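Colleague: I'd like to learn how to read a model like this one. Could you walk me through it, feature by feature?

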Amino acid sequence: MHNTSSQYKEAIKQSGRVLTPEVKVVLSDATHVTLGTDDIIQNGFVLEDGISSPNTLQLGCACIKQLSLILNNYEGKFRVVDFTGAVLTCSVGLELSDDTKESVFLGTYTVDEATDNGNTINLTALDDMNKLDRPYSES
């Protein structure tokens, strides 16, 4: 559950609401990059979580969130950027009726896989729960 203002609660119910992804990136070399709506392809911000595989009940498992981003690289903006191991801090902003924006923190994720497709870059990032995923034999 996220704490939000009463204005947010009303605005989120409206059709035509404008949600904007906000991603702050810290690369492995400690460089900071901020990604905005121009950097993320439309529908290229997907957050998934789940505790069981389809049609299976798994006991003793934990929920790992996965963030998938598709970045706009048509102009080569990220041509020399290495996203491998980068830490992404994500939130989503909602424009309110008074023309202000309220953001909701969605979590911190570490890039697990970065694929450069030329015009786009696909990032798959996992939250820190992934760091606890170890074979039983190691415990």
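Colleague: Let me start with a detail: which residue in β5 is the bridge partner of Val25?

Modeller: The partner of Val25 in β5 is Leu88. Before we go on, a word on the ground rules. This is a predicted model, where local features need pLDDT of at least 70, side-chain atom pairs count only at pLDDT 80 or more, and totals for chains, interfaces and linings use all residues. Residues are numbered from 1 along each chain as its sequence is written, and side-chain values use heavy atoms, with hydrogens and water left out.

Colleague: How do I read the secondary structure, and how many helices and strands are there?

Modeller: Helices (H or I, at least four residues) and strands (E, at least two) are DSSP runs, numbered from the N terminus. Here you get one helix and seven strands, in the pattern α-β-β-β-β-β-β-β along the sequence.

Colleague: And in what order do the strands sit in the sheet?

Modeller: Two strands pair if DSSP finds at least two bridges between them. In this protein the seven strands make an open sheet with antiparallel pairing, ordered β2-β1-β5-β6-β7-β4-β3. At the edges are β2 (32-35) and β3 (40-48), each pairing on one side only. From one strand to the next, the twist averages 30°; for such angles, axes are lines fitted to C-alpha atoms, for helices over the stretch in contact, and angles run from 0 to 180 degrees between N-to-C directions.

Colleague: How many bridges does β5 make with β6, and how many with β1?

Modeller: Strand β5 (residues 87-95) and β6 (residues 101-116) are antiparallel over nine bridges, while β1 (residues 19-26) and β5 are antiparallel over eight. Along the β5-β6 pairing, Gly93 stands opposite Ser103 and Glu95 stands opposite Lys101. The hairpin of these two strands has five residues between them, and there Asp99 takes a positive phi near 65°.

Colleague: What about salt bridges: how many turn up in the whole structure?

Modeller: A salt bridge is a side-chain nitrogen of Lys or Arg within 4 Å of a carboxyl oxygen of Asp or Glu. The search finds three. One joins Glu22 and Lys101, with the closest N and O atoms 2.9 Å apart. Glu22 is in β1 and Lys101 in β6, so this pair ties together parts that are 79 residues apart in sequence.

Colleague: Where do Lys77 and Asp39 lie?

Modeller: Lys77 is in the loop between β4 (66-72) and β5, and Asp39 in the loop between β2 and β3, 38 residues apart. Their salt bridge has its closest N and O atoms 2.8 Å apart. For accessibility, buried means under 20% relative accessible area, exposed over 50%, and partly exposed in between (1.4 Å probe, protein chains only). Asp39 is buried because its value is 8%, whereas Lys77 counts as exposed at 52%.

Colleague: And how exposed are Glu10 and Lys13?

Modeller: Glu10 has 44% relative accessibility, so it counts as partly exposed; Lys13, at 60%, counts as exposed. Their side chains meet in a salt bridge at 3.5 Å, N to O.

Colleague: Which side chain of opposite charge is nearest to Asp127?

Modeller: On charge, Lys and Arg count as positive and Asp and Glu as negative; His and the chain ends are not counted. For Asp127 the nearest opposite charge is Lys65, 5.9 Å away; Asp127 is buried yet has no salt bridge. Asp127 lies in β7 (residues 120-127). Contact means heavy atoms within 4.5 Å, and leaving out residues up to four places away in sequence, Asp127 touches Cys63, Ile64, Lys65, Thr108 and Tyr109.

Colleague: What does Val87 contact, beyond its neighbours within four places in sequence?

Modeller: Val87 is in contact with Lys24, Val25, Val26, Thr108, Tyr109 and Thr110. This β5 residue is partly exposed because its relative accessible area is 32%.

Colleague: Last one: how do I describe a pair of aromatic rings?

Modeller: You give the distance of the centres and the angle of the planes. Rings of Phe, Tyr and Trp (its six-membered ring) pair if their centres lie within 6.5 Å; planes under 30 degrees apart count as stacked, over 60 as edge-to-face and the rest as tilted. That rule gives one aromatic pair here. Phe78 and Phe83 form it, edge-to-face, at 5.7 Å centre to centre with 65° between the planes. Both Phe78 and Phe83 are buried.
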